[in-house]
Amino acid sequence: MSRSVAHHRAITLAFALLCLLLPARAEAHLPSIGLGPVYDGIFHLFLSPEDLIPVIAIALLAGQKGAALGRRVLWTLPVAWFLGGFIGMYSAHPKSSALTCVSFLVLGLCIASTAKIAPSVLTGLAMLLGFFHGYLNGTGVSRFDDGTYFLLGLSLAVFVVLAIFSSFVIPLHKQWTLIVVRVAGSWIAAMGLLMLGWTFRRAP
Amino acid sequence: MNPSKETIARLASLCITLLVYAQAAQAHVNKGEAAGFLSGLKHPISGLDHVVAMIAVGLWGAQLGAPAIWVLPVAFPMVMACGGMLGLLGVPLPGIEIGIAASAILLGAAVMMELRPPIAVAAVLVGFFAIFHGYAHGSELPAGQSGLLYSIGFVMATGCLHGVGISIGLVHRWSWGQRALRLAGVAIALAGIFFMWKVFA
């Protein structure tokens with residue numbers, strides 16, 4: 001080990017020890033800093049496949065259609081999600097899982113078939129999806145006083161997931177990579193069909 | 001750029017530290033969710049009849065080449081889910097087990113003889129059998145588990161089995177690989193005959 005590396009390590013170690021000697025308030029309890037509901041909203045998306053998968057699906061679909069549409073959906077969906085949630089907070093209608101299945105089915109089929117969709121239709125689809133899923137989330141959080149922060153976190157998480165997945169699909173040009181995206185669409189449509197079956201399941 | 005030994009050692013020590021630093025998993029998000037996903041994931045793999053048919057679809061797709069290599073795996077999960085939905089809705093479908101056994105026999109024979117029908121015929125044949133597989137397996141959710149998570153696991157496992165079949169089928173580019181695939185077709189058809197015998201035994 002050279003002398004300069006040893007010197008560098010000694011400084012790092014000294015700095016680490018100095019940090020340990022300077023204890024400060026951790027502010028780790030989220031209620032005290034007001035970020036609890038924001039994190040609740042963020043984690044809600046990642047722990048709710050009925051919300052997460054349609055977001056991934058519309059990101060894949062927008063990515064298939066190119067960067068311009070991807071950018072449009074990137075801003076439309078989270079805003080519609082937040083607005084839908086805000087309206088949902090002040091209403092108390094029960095959840096409709098059948099319509100959730102339809103979003104799986106429609107988006108999955110569009111991806112699998114690489115359907116030609118007009119930009120305005122895709123934007124409308126994103127608004128509808130965001131508004132509907134946001135509304136369902138909003139009805140669930142209406143009992144919390146800080147539901148707006150929850151919706152803010154949720155919408156931010158939607159934005160991030162959309163950005164990651166659509167930016168992943170946009171540059172794909174090789175044949176097999178495009179097929180992988182279509183296969184993912186067929187899986188999403190298949191999940192939607194099975195969910196529809198579960199929704200209208202006849203008791204044995 | 002290859003990582004140096006020192007970097008690897010640092011990463012290894014970090015991983016070990018993280019493993020030692022075990023915390024509560026907080027994995028119980030919703031009752032039955034994790035179990036539902038695992039049930040769905042394990043279901044297609046647990047039945048040999050399902051496994052051989054799914055792999056046969058992949059092998060046949062690889063033998064047929066483009067576009068069948070991707071048309072069949074795209075079409076199969078959707079048609080299979082239609083079968084699952086029929087089962088969930090209580091629509092009667094006779095001869096399920098016979099259909100599943102016949103799928104292994106016919107798909108195995110197609111791989112064995114390296115049949116090359118028009119893509120539409122191949123897709124219809126595979127789709128027809130997919131209904132039986134979906135009907136039998138797609139609706140068997142254990143009580144108290146999430147239907148959505150079960151469906152996700154079930155579809156993913158089926159798709160991965162196709163992927164295994166296609167990956168194995170890529171040996172078709174070599175002459176020894178073509179012979180090996182035909183032998184695999186023989187084995188699948190024989191397994192199908194065994195399943196059929198069990199149905200009537």
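**Exercise 1. Find the residues that join α4(B) to α7(B), and describe how the two helices pack.**

Step 1. On the α4(B) side the contact uses B:I69, B:P73, B:F76, B:P77, B:M80 and B:A81. They meet B:V155, B:T158, B:G159, B:H162 and B:I166 in α7(B). Contact here is a distance test: C-beta atoms, placed from the backbone, lie within 7 Å.

Step 2. Sort these residues by type. Eight are nonpolar, three are polar and no residue is charged. Nonpolar covers Ala, Val, Leu, Ile, Met, Phe, Trp, Tyr, Cys and Pro; charged covers Asp, Glu, Lys and Arg; the others, Gly among them, are polar.

Step 3. Note the source. This is a predicted model, in which local features need pLDDT of at least 70, side-chain atom pairs count only at pLDDT 80 or more, and totals for chains, interfaces and linings use all residues. Residues are numbered from 1 along each chain as its sequence is written, while chains are lettered from A and ligands numbered from 1 in the order in which they are written.

Step 4. Take the geometry. Helix α4 (residues 68-89) of chain B and helix α7 (residues 147-169) of chain B pack at about 155°, with axes 10 Å apart. The angle makes α4(B) roughly antiparallel to α7(B). The cut-offs are under 35 degrees for roughly parallel, over 145 for roughly antiparallel and 65 to 115 for roughly perpendicular, with the rest oblique. The crossing is right-handed.

**Exercise 2. Repeat the analysis for α3(B) and α4(B).**

Step 1. Helix α3 (residues 48-64) of chain B packs against α4(B) at about 150°, and their axes are 7 Å apart. That makes α3(B) roughly antiparallel to α4(B).

Step 2. List the partners. α3(B) brings B:V57, B:G61, B:A62 and B:L64. α4(B) brings B:A68, B:I69, B:L72, B:P73 and B:F76.

Step 3. Sort them. The split is eight nonpolar, one polar and no charged.

**Exercise 3. Describe the side of chain B that touches chain A.**

Step 1. Count both sides. Chain B gives 23 residues and chain A gives 21.

Step 2. Find the helices. In chain B, α4 and α7 each supply at least two residues of this side. α4(B) gives the most, with twelve residues.

Step 3. Sort the chain B side. It holds 17 nonpolar residues, six polar and no charged.

Step 4. Check the scores. The model has ipTM 0.74 and pTM 0.77.

**Exercise 4. Compile a profile of each chain.**

Step 1. Chain A has nine helices and zero strands. Chain B has eight helices and zero strands. Helices (H or I, at least four residues) and strands (E, at least two) are DSSP runs.

Step 2. Of the 204 residues in chain A, 42% are buried. For the 201 residues of chain B, the share is 45%. Buried means 20 or more other C-beta atoms within 10 Å, exposed 12 or fewer, and partly exposed in between.

Step 3. In chain B, 90% of contacts with a separation of 6 or more join residues 24 or more positions apart.

Step 4. Chain B averages a pLDDT (confidence in each residue, from 0 to 100) of 81, and 87% of its residues score at least 70. Among its elements, helix α1 (residues 5-20) has the lowest mean, 75, and helix α5 (residues 96-113) the highest, 89.

**Exercise 5. Is A:S167 buried, exposed or partly exposed?**

Step 1. Place the residue. A:S167 is in helix α8 (residues 147-169) of chain A.

Step 2. Count neighbours. A:S167 has 15 other C-beta atoms within 10 Å, so A:S167 is partly exposed.

Technical notes: Axes fitted to C-alpha atoms, helices over the stretch in contact; angles between N-to-C directions. Left-handed = near helix turned anticlockwise from the far one by under 90°. pLDDT = per-residue confidence, 0-100.
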